Amino acid sequence: MKNGPRRMFVVPEPRPGTASVFVSNSAPVFAGEGDISYMCGGCGTVLIAFVAQDQIQGLIFKCPTCGVYNQIERPELDLTRQLKRPN
Ligand SMILES: [Zn+2]
């Protein structure tokens, strides 16, 4: 039985040469033979179909539907930390 798709984290556009970015004109951007699927954190389109988690670790996927960049790891840049800076 296949699990439902997981939602990815939306990240800023990476600077050229700093990340491996998968871009495609249509979804899914990437398909494999695992049992996990991931959807765009912006619009919910399934971008990655049936992969093993370690297949896509450290990669970034551009959504062909809404144009945002996604990754499966929680982004290192924690915006809430900046808002809660101690006095
Ligand atoms: Zn999207």
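**Reading a predicted chain: sheet, core and one strand residue**

Author: The chain has one helix and eight strands. This is a predicted model.

Reader: In what order do the elements of the chain run from the N terminus?

Author: The eight strands come one after another, and the helix follows them: β-β-β-β-β-β-β-β-α.

Reader: How do I read a sheet, and in which order do the strands of the open sheet lie?

Author: Read across the sheet, strand by strand. Here the order is β2-β8-β7-β3, four strands in an open sheet with mixed pairing. At the edges are β2 (9-11) and β3 (20-22), each of which pairs on one side only. Neighbouring strands in this sheet are turned by 40° against each other on average, with direction ignored.

Reader: In what sense do β7 and β8 pair?

Author: They are antiparallel: residues 59-62 of β7 and residues 69-71 of β8 are joined over two bridges. Take F61 as an example: its bridge partner in β8 is N70.

Reader: What share of the contacts with a separation of 6 or more joins residues 24 or more positions apart?

Author: For this chain the share is 52%.

Reader: Now burial. What percentage of the residues in the chain is buried?

Author: Buried residues are 20% of the 87 in the chain.

Reader: Which residues have the most contacts inside the largest nonpolar core?

Author: The general idea comes before the case. In soluble globular proteins, nonpolar side chains tend to be buried together. In this model the largest nonpolar core holds 13 residues, and those with the most contacts inside it are M8, Y38, M39, C40, L47, I48 and F61. At least two residues of this core come from each of β5 (36-39), β6 (46-51) and β7.

Reader: Take one of them. What is L47 in contact with, beyond its neighbours within four places in sequence?

Author: The contacts of L47 are A27, P28, V29, Y38, M39, C40, F61, C63 and N70. Two of these, F61 and N70, have already appeared as bridge partners.

Reader: And V11, where is its place?

Author: V11 is in strand β2, an edge strand of the open sheet.

Reader: Why does V11 count as partly exposed?

Author: Count the C-beta neighbours inside 10 Å. V11 has 19 of them, so it is partly exposed; a buried residue needs 20 or more.

Reader: Which residues does V11 touch, leaving out those up to four places away in sequence?

Author: V11 touches I60, Y69, N70, Q71 and P75. Sequence separation and distance in space are separate readings: V11 and E73 are 62 residues apart in sequence, and their C-alpha atoms are 9.9 Å apart.

Notes
Residues are numbered from 1 along each chain as its sequence is written. This is a predicted model: local features need pLDDT of at least 70, side-chain atom pairs count only at pLDDT 80 or more; totals for chains, interfaces and linings use all residues. A residue is buried if 20 or more other C-beta atoms lie within 10 Å of its own, exposed if 12 or fewer, and partly exposed in between; C-beta atoms are placed from the backbone. Two residues are in contact if their C-beta atoms, placed from the backbone, lie within 7 Å. Two strands pair if DSSP finds at least two bridges between them. Axes are lines fitted to C-alpha atoms, for helices over the stretch in contact, and angles run from 0 to 180 degrees between N-to-C directions. A nonpolar core is a set of buried Ala, Val, Leu, Ile, Met, Phe, Trp, Tyr and Cys residues joined through C-beta atoms within 7 Å.
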